[in-house]
Amino acid sequence: RSCLEMAASFMCKFSRAKNTGVVLFICLVMLLLLTLLGVSSVQTTSLEQIMARNAVDANIAFQAAESALREGEDFVEDLTNTQSFDASGANNNGLYDDAGSGNTPNWLNITWNSGLGHRVSSTGVTGTVRPPEYIVERVTVVIPQGDSLNLDNIGSELGTGTTQIFRVTARGQGATVDSQALVQSTYGKRL
């Protein structure tokens, strides 16, 4: 045999002996990478599912708060005077006078889950843990000076010519107690 043939034969034997464990190692590394990819996909899917559930929950809470806000505005619209705000226990029924500048607003001082200090909305939204609630605050009276402030005929001959401004604050919860929405509107009513 020539030197070249012996060297080629030696290299083939040496090469086969060295490579027998390499294929197994490469397969194990590939299996590990595929497992990590699968676990990552499952975690991503779980996270997306939680995010979608939270978005639905927040939407339910917002819809509940909006329905209570509309009910509070309807309450104000049906008022013929503001005597109910002066009555004994008015605060327990969700009727307040404005706290004034520099003071903590009434809607921040209320313990909403207590059952006192707010009105429970009669319009329910399905999927909520509890019915939405609202409060009405008597804020200020606007007395127009002539027609300069007479927007949309507010202050004409009907009524006293004054507009009472109210703030309605409503709170709704979603399918869990952790999802809450708080909305406010300012409402003017000529009394």
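Mentor: A nonpolar core is a set of buried Ala, Val, Leu, Ile, Met, Phe, Trp, Tyr and Cys residues joined through side-chain atoms within 4.5 Å. Keep that in mind. The model here is predicted.

Trainee: Which residues touch the most other members of the largest nonpolar core?

Mentor: In general, nonpolar side chains tend to be buried together in soluble globular proteins. The largest nonpolar core here has 18 residues. Those touching the most other members are Phe75, Val76 and Val136.

Trainee: Which element gives the most residues to this core?

Mentor: Start with the elements that give two or more residues. They are strand 3 (133-142), strand 4, strand 5 (180-190) and helix 2 (22-77). The top giver, with six residues, is helix 2.

Trainee: Which residues does Val76 contact, leaving aside its neighbours within four places in sequence?

Mentor: Drop those neighbours from the count. What remains for Val76 is Val136, Phe166, Val168, Tyr187 and Lys189.

Trainee: Is the aromatic pair of Phe85 and Phe166 stacked, edge-to-face or tilted?

Mentor: The structure holds one aromatic pair. The ring centres of Phe85 and Phe166 are 5.5 Å apart, and the planes meet at 35°. Stacked needs under 30 degrees, and edge-to-face needs over 60. At 35° the pair is therefore tilted.

Trainee: How many residues apart are Phe85 and Phe166?

Mentor: Phe85 sits in helix 3 (residues 83-86). Phe166 sits in strand 4 (residues 163-173). The pair links distant parts of the chain, and the separation is 81 residues.

Trainee: Are Phe85 and Phe166 buried or exposed?

Mentor: Buried means under 20% relative accessible area, and exposed means over 50%. Both Phe85 and Phe166 fall in one class: buried.

Trainee: Which residue lies over the face of Phe75?

Mentor: Phe75 is one of the best-connected core members, touching the most others along with Val76 and Val136. Over its ring, at 4.4 Å from the centre, lies Arg119.

Trainee: How many salt bridges are in the whole structure?

Mentor: In general, side chains of opposite charge can pair when their charged atoms come close. One such pair is Arg130 with Glu133, at 2.7 Å between the closest N and O atoms. Arg130 is partly exposed at 25%, whereas Glu133 is buried at 1%. Across the whole structure, the number of salt bridges is nine.

Trainee: Which residues are joined with Arg70 into one salt-bridge network?

Mentor: Arg70 forms a salt bridge with Glu73, with the closest N and O atoms 2.7 Å apart. Both lie in helix 2, about one turn apart. Arg70 is partly exposed at 41%, but Glu73 is buried at 13%. Salt bridges that share partners join Arg70 with Glu66 and Glu73.

Trainee: How many residues apart in sequence are the parts that Lys189 and Glu77 tie together?

Mentor: Lys189 and Glu77 meet in a salt bridge, 3.7 Å from N to O. Lys189 is buried at 12%, and Glu77 is partly exposed at 39%. Lys189 lies in strand 5 and Glu77 in helix 2, so the separation is 112 residues.

Trainee: Where in the chain is confidence lowest?

Mentor: The chain has a mean pLDDT of 83, and 80% of its residues reach 70 or more. Confidence peaks in strand 4, at a mean of 93. Where pLDDT is low, the predicted coordinates should not be read in detail. The lowest confidence, at a mean of 58, is in helix 1.

How values were computed
Residues numbered from 1 in each chain as written. Heavy atoms only, no water. Phe/Tyr/Trp six-rings, centres within 6.5 Å; stacked < 30°, edge-to-face > 60°. Helix = DSSP H or I, 4+ residues; strand = E, 2+ residues; numbered from the N terminus. Buried < 20%, exposed > 50% of the residue type's maximum accessible area, 1.4 Å probe, protein only. Lys NZ or Arg CZ within 6 Å of the ring centre and 35° of its normal. Contact = heavy atoms within 4.5 Å. Salt bridge = Lys/Arg side-chain N within 4 Å of Asp/Glu carboxyl O. pLDDT = per-residue confidence, 0-100.
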